[in-house]
Amino acid sequence: MKRLPPTGTAGLLERLSPHIPDDLINALFVEPTGLGRRRLFSAAQLFRVNLLALLTPAHSFNLLVKLLAENRSWRIFARLRNRVRVPDVRMLHEFRQRLDLTKLRGVNEHLLGPLIEGTAGFTKTVALIDSTDLPAATNAYKKIRWANTVRSGR
């Protein structure tokens, strides 16, 4: 089995980049046409920058935006052509709010499609999680010292 390069390296980003469906992501985020401000970055570019927050040591958008101008491999992965013009923190937060569960499931189904088709000849198995053996999270197991309370006299 081939091993992936370490997290945050240019090698990992190069290996993952072809698997991100940019056309599908852009189709999921249909922009209204007409009057108004033009978006500087496509939905696929913002999606890739959001992935950088997961794939690199910069886990906050503030740090990611600062380091994005310095790391060429990160900009190549996010398909940002300009070193100076990178998305700001507000853009990344707004995009993350627009990235709802149905859009993530659409991307997930697209990525899993070839894997599921490749397993069509295998026998089907179903696994259910059984939590009957796990202890419940109740207060009965906590070690609490009982405080002496005196009733107010009336």
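Buried means under 20% relative accessible area, exposed means over 50%, and partly exposed covers what is in between. Keep that handy for the exercises below, and remember that this is a predicted model.

**Exercise 1: Get an overview**

Task: Work out which elements the protein chain has, and how much of the chain is buried.

Solution:
- Start with the elements. The protein chain has seven helices and zero strands, so reading from the N terminus you get α-α-α-α-α-α-α.
- Next, the burial. Of the 154 residues in the protein chain, 27% are buried.
- Then the surface. About 12900 Å² is exposed by the protein chain, and 56% of that comes from carbon and sulfur atoms.
- Last, the contacts. Take those between residues at least 6 apart in sequence: 61% of them join residues at least 24 apart.

**Exercise 2: Follow the salt bridges**

Task: Find the salt bridges, and say which residues are linked in a network.

Solution:
- First, the count: there are three salt bridges.
- Take Arg48 and Asp22. Their side chains meet in a salt bridge at 3.0 Å, N to O. Arg48 sits in helix α3 and Asp22 in helix α2 (residues 22–28), so this pair ties together parts 26 residues apart in sequence.
- Now check the burial of this pair. Arg48 has a relative accessible area of 1%, so Arg48 is buried. Asp22 comes in at 12% relative accessibility, so Asp22 counts as buried too.
- Move on to Asp22 and Arg79, whose side chains form a salt bridge at 2.3 Å, N to O. Asp22 belongs to helix α2 while Arg79 is in the loop between α5 (72–78) and α6, so the pair ties together parts 57 residues apart in sequence.
- Use the opening cut-offs on Arg79. Its relative accessibility is 39%, so Arg79 counts as partly exposed.
- Put these together: Asp22, Arg48 and Arg79 are linked in a network of salt bridges.
- That leaves Glu94 and Arg90, with a salt bridge at 3.1 Å, N to O. These two are four residues apart in helix α6, so about one helical turn separates Glu94 and Arg90.
- Check the exposure here as well. Glu94 is partly exposed at 37% relative accessibility, and Arg90 is partly exposed at 42%.

**Exercise 3: Judge two helix packings**

Task: Helix α3 packs with α6, and its axis also crosses that of α4; decide whether each pair is roughly parallel or roughly perpendicular.

Solution:
- Know what to look for. Two packed helices are described by the angle between their axes and the distance between the axes.
- Begin with α3 (residues 43–55) and α6 (residues 89–98). They pack at an angle of about 100°, and their axes are 10 Å apart.
- Apply the cut-off: 65 to 115 degrees counts as roughly perpendicular. So α3 and α6 are roughly perpendicular to each other.
- See who meets whom. From α3 come Ala43, Leu46, Phe47, Val49 and Asn50, which meet Leu92, Phe95 and Arg96 of α6.
- Turn to α3 and α4 (residues 61–68). Their axes come within 10 Å and cross at roughly 105°, so α3 and α4 are also roughly perpendicular to each other.
- Here Val49, Asn50, Leu52 and Ala53 of α3 meet Phe61, Leu64 and Leu68 of α4.

**Exercise 4: Zoom in on three residues**

Task: For Asn50, Met91 and Ile116, say which helix each one is in and whether it is buried or exposed.

Solution:
- Asn50 is in helix α3. With 12% relative accessibility, Asn50 counts as buried.
- What is Asn50 in contact with, leaving aside neighbours within four places in sequence? The partners are Phe61, Leu92, Phe95 and Arg96.
- Met91 belongs to helix α6. At 19% relative accessibility, Met91 counts as buried, because the cut-off is under 20%.
- Beyond neighbours within four places in sequence, Met91 is in contact with Leu40 and Phe41. Met91 and Leu40 are 51 residues apart along the chain, and 9.8 Å separates their C-alpha atoms.
- Ile116 is part of helix α7 (residues 101–118). Its relative accessible area is 56%, so Ile116 is exposed.
- Finish on the surface: Ile116 joins Leu112 and Leu115 in making a nonpolar patch of about 290 Å².

Conventions: Residues numbered from 1 in each chain as written. Predicted model: local features only at pLDDT ≥ 70, side-chain atom pairs only at ≥ 80, totals over all residues. Heavy atoms only, no water. Patch = residues over 30% accessible without salt bridge, like charges linked within 9 Å, V, L, I, M, F, W, Y side chains within 5 Å. Areas by Shrake-Rupley, 256 points an atom, 1.4 Å probe, with all protein chains shown as cover. Salt bridge = Lys/Arg side-chain N within 4 Å of Asp/Glu carboxyl O. Buried < 20%, exposed > 50% of the residue type's maximum accessible area, 1.4 Å probe, protein only. Axes fitted to C-alpha atoms, helices over the stretch in contact; angles between N-to-C directions. Parallel < 35°, antiparallel > 145°, perpendicular 65-115°, else oblique. Contact = heavy atoms within 4.5 Å.
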